[in-house]
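User: I am new to this entry and would like a short tour. Could you show me the model before we begin?

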Number of protein chains: 4
Amino acid sequence: MALTTEQRVRRAAVKLFASKGFHGTGIRDLAQEAGISSASLYHYMGTKEELLAGIMRECLDRLLLGAREATDGVDDPRLRLTHLVALHVLAHASRPAETRVVDNEVHALSAATRRRIVALRDEYESLWADAIDDGLRQRAFATAEPAVTRLALLEMCSGVARWYSARGPLGLDRLAGHYAGLALRMLGSTGDVSPKALDDALRVVSTVWRNTR
Amino acid sequence: MALTTEQRVRRAAVKLFASKGFHGTGIRDLAQEAGISSASLYHYMGTKEELLAGIMRECLDRLLLGAREATDGVDDPRLRLTHLVALHVLAHASRPAETRVVDNEVHALSAATRRRIVALRDEYESLWADAIDDGLRQRAFATAEPAVTRLALLEMCSGVARWYSARGPLGLDRLAGHYAGLALRMLGSTGDVSPKALDDALRVVSTVWRNTR
Amino acid sequence: MALTTEQRVRRAAVKLFASKGFHGTGIRDLAQEAGISSASLYHYMGTKEELLAGIMRECLDRLLLGAREATDGVDDPRLRLTHLVALHVLAHASRPAETRVVDNEVHALSAATRRRIVALRDEYESLWADAIDDGLRQRAFATAEPAVTRLALLEMCSGVARWYSARGPLGLDRLAGHYAGLALRMLGSTGDVSPKALDDALRVVSTVWRNTR
Amino acid sequence: MALTTEQRVRRAAVKLFASKGFHGTGIRDLAQEAGISSASLYHYMGTKEELLAGIMRECLDRLLLGAREATDGVDDPRLRLTHLVALHVLAHASRPAETRVVDNEVHALSAATRRRIVALRDEYESLWADAIDDGLRQRAFATAEPAVTRLALLEMCSGVARWYSARGPLGLDRLAGHYAGLALRMLGSTGDVSPKALDDALRVVSTVWRNTR
DNA sequence: GATGAATGAGATTTCATTCAT
DNA sequence: GATGAATGAAATCTCATTCAT
C-alpha cells in the first residue's frame, strides 16, 4: 500500500530533523523531501513545531507502551532489565532517525510542549529505575551508584541510534542480546541470564516491538 | 584577570550552541550573550561556522592530546583503558557544553570542515580501539563484539555531558572512578584494578587534564 | 495587456542598474520600483547577480541575432557595415538602459558569468571585424589601423546610449543614417552609399530589429 | 621619490573605482590597496564620496586646462580640432583609470557635487562645440548634424580609455594621430592636415599634456 | 486538495565612519 | 600619524506562514 501524503510528510520530517536538526531544516526542505509544495504542507501539519512535537510524542508513546507491555508481569529484575534494554536497543537501532530527534531536539520545543515531552521521558525512565531498584533490593544487582549507572545505561543504549546501521554485519537480535549482556555486567548481575532465557526474552521483546503501533 | 572580549565571545558561543543548537542560535543571541553589538562580533570571529569549527577543533585537540599523554607508556591495557575512560569522563563532566557541541553539531559543518573534525574524532577513537584490542590479545578483556563494545563505551561516557551537574552530590573523581569500573565490567576484565591503582590513575589523569591547554 | 510581475521586475532592474549601477542599486530599490516587497522579489529572480546576467544575456543575444540576420547574404562590405552600424545605433538609441547596463556593469559579474557574457560580445564584434576585413580586401575601405578603427566605431556607436533621447528633435532613422555616414567616412569608403540604398538599408534593419525577440 | 601616503590613497581609489566601480569598492578594499588600515584612510581623505569627487575634479581640471592651452591662439579650426582630439586621446590612453571613473561614476555623486562636475564637463565640451562651429562657418567642415557629430566624436575618443593598452603594439602618438584623422574624416574636413602639420600638432599637444599638472 | 504568490520578520554579514589610545 | 575596537545602518537573502484561486 502506498504511503499517504501525511505519512510522507512525517517521514520527511523525521529524516531531515534527524540529519540536519530542527532549526537546520527549512519548510521548503520538508516540502521537497515530501514531494509536495510548501503551501500544501500545511494541509497535513500544524506549525513546524507541532510537527516536531508530534514526532516526539509518538516515538516516546510507542517506547513507553512497549516497555510497559514488555515488563508487565515480569518479576525477575534481571529479566525485566533485559527486556527494557532489548526493547530500547531495538527501537533505537530500527528507527534511529526518530529516536535521535527525540534525544537531540528537545531544546527546540516551546516550554509548555517541552514539559510534556520531558514528562513522558521521565515516566519511561522510571521503569528502568524501578527495575534497577528491585534488583538491588533483591541483591540481583550490585552497583555503588544506582542513579549514575542507570544514566550510563540509558546513554549507552540510546547511543545505538547514532552509529548502528542495518546494512552492517550485525543483526538486530545479536545487537540487542549483546547490549543486554553489557547491561547486566554493568549492574554487577549475580548469575547470568541463560542463553535460552535470553533467546526467549529477545523473541518476546521483538514481538512486542513489532506489535506496538 | 578579566576575560578578553574574544574569550567572552567563545564562551557565549559554547553556551548557546550547547543549549539551543548551532542553527537555533542567532548572531544577535551571541552578541547579546557576549555583551557587544552584533557587528562587533565580527572583529573576533570569521563566520559563525568558523566559530563553531574553532570550538570543536580546540575541544577535540585537547581531548586527543590529553588522551595521548595519559596513555603514553602505559602498557597494561586495563590501566590504559581506565585512563581513557577517566579522562573522557572528566572532560565531559567538567566541560559539558563544549563536548555536547562537538557531539551534536557536526551536521552543521560544511563538508570540508566536517571531514577534518571527523578525522580528529576518528584518531581519538582509535586510541580506544587500540587499548581494547591489546586487552583482548592479552586476555585481559573478554567481549564477543569488540567494536560494538567500544561504541557502547564511548556513548556511555560521552553521555555524561548530557546529565552530570557539578552542583550535584557526586564529585568528579568518584564519577570517573565509577565509570572506569563500569567500563572494565563491560569489557569482562579479568581481575579488577585495585582501589589504590584506581586512585593513582585518577590522580594522574586529573593532572594531565588540568595541564592540557 | 498589463505587464506581468516578472516583466516589472526586469524593467525595474534595467532602469535602476542603468541609472545607479548594479552595486548602487539595492534590493529594496528594486522592490519599490517593481511595486512589490523585497521578499517577493525572490519569486521572480534568483540572486541579484543572476538578474543582471539575465538582462545582459538577453540584450546581447538580441543584438547578435539581429546582426546575423541583418548581414546574412549581404555581400557588399559597405552595405554590410551600414547594416551593422544602423542596427547597433537603433538598438542603443531605442533601449539605452539595457545597453548601458551591458556596457558598464560587466565588472559586477562573477568570473564564470563574465566569461560567458564577454564571449557573446566577442562573437558580436567579430561580425564587425569580418565586414571591415572584407571591405579592406576588396578595397572598398581604406584605413591604416583596422583594429583601432573598429574599436573607435564601436565605441562611437555604443555612445549613443549615453546621450540620445527619443524626446529630442532627431528621429531614430535619421540618427542611424547619420551614423552610417560617419562610419563610412571613418573607413575611407570609396564611393558613397546612394541615398536610396541607405533608405533601403534602414528599412531592412528597422524591420529586423523590430522582429528580433 | 617615493609616493606620499596621500598619493597612494588617491591611486588606490582610482584603480579600484575604475575596475570595480565606486559602490563596488569598499573602504577596506581601498585601505588594503593603499597599504594602510581603514581607520588611517581618514587621515588622508574626507568621506569616500569626497575622494571620488576630488579625483573627478582633478581629472577634468587637467583636461580643461590642457585643452585651453592647446587651443589658445590656434585659429585654424582643423588644427584646433586636431589638438582637441589628440589631447583627449592622449589623456584617455595614458590615464585610462581616471578617465573611466569620470565617465562612469557620475551617478554616484550627490546632487550638488554632480552639478559641479557636470558643469566642468560641459565647459570642456564647449571647446569642442566652438571648434566645430567655427569650422562649419568657415566651410572647413561639412556635417549635417553638428551636435550629433560632436557627441559621436567625444564618445569615440573617450572610448579609448576602455580598450587601449600601453603594452600593445600601438604608440600613443600613432594612436592620437590616427584618431585625429578619423575625426577630420567624420567632420568632412576639406583638405587634409599635412603629415608635417600633424606631427607638429602632436608634438605641441604632447608637451602641453606633459606640462599640465 | 493543491499551489503560486505574497510578505513581515529575521537571518548572516558588510558597510562607512568614529574614537580612544 | 596610526590603528584596533566599536557600532548603527544597511546589505542580500531566507524564514515560516497565509491566502486567493
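**Chains A and B, and DNA strand F**

Analyst: In chain B, 30 residues are in contact with 30 residues of chain A, where contact means heavy atoms within 4.5 Å. This is a predicted model, in which local features need pLDDT of at least 70 and side-chain atom pairs count only at pLDDT 80 or more, while totals for chains, interfaces and linings use all residues. Residues are numbered from 1 along each chain as its sequence is written, chains are lettered from A and ligands numbered from 1 in the order in which they are written, and side-chain values use heavy atoms, with hydrogens and water left out.

User: How much area do chain B and chain A bury between them?

Analyst: About 2,500 Å², with 62% of it on carbon and sulfur atoms. Buried area is the accessible area (1.4 Å probe) that two parts lose on being put together, summed over both. On the chain B side, B:Glu155, B:His178 and B:Arg185 lose the most area to chain A, together 22% of what that side buries.

User: And how many salt bridges are there between chain B and chain A?

Analyst: The count is 4, a salt bridge being a side-chain nitrogen of Lys or Arg within 4 Å of a carboxyl oxygen of Asp or Glu. One of them joins the side chains of A:Glu145 and B:Arg174, at 2.3 Å from N to O.

User: Which element gives the most to the side of chain B that touches chain A?

Analyst: That is α10(B), with 7 residues. Helices here are DSSP runs (H or I, at least four residues), numbered from the N terminus. The residues on that side of chain B divide into 13 nonpolar, 11 polar and 6 charged; Ala, Val, Leu, Ile, Met, Phe, Trp, Tyr, Cys and Pro count as nonpolar, Asp, Glu, Lys and Arg as charged, and the others, Gly among them, as polar.

User: Changing topic: which residues are closest to DNA strand F?

Analyst: The closest are B:Ser40, B:His43, B:Tyr44, C:Ile27 and D:Tyr44, among 27 residues that surround the strand (a heavy atom within 4 Å). The largest share of this surface, 4 residues, comes from α3(D).

User: What does the side chain of B:His43 approach on DNA strand F?

Analyst: An N or O atom of that side chain is 2.4 Å from a base nitrogen of the strand. By contrast, A:Lys48 has a polar side-chain atom 2.8 Å from a phosphate oxygen of DNA strand F, and a backbone N or O atom of A:Thr25 lies 3.3 Å from a phosphate oxygen of that strand.

Note on methods
Helices (H or I, at least four residues) and strands (E, at least two) are DSSP runs, numbered from the N terminus. A polar contact is a pair of N or O atoms within 3.5 Å; within protein, one must be able to donate a hydrogen and the other to accept it, and residues adjacent in sequence count only if both atoms are side-chain atoms.
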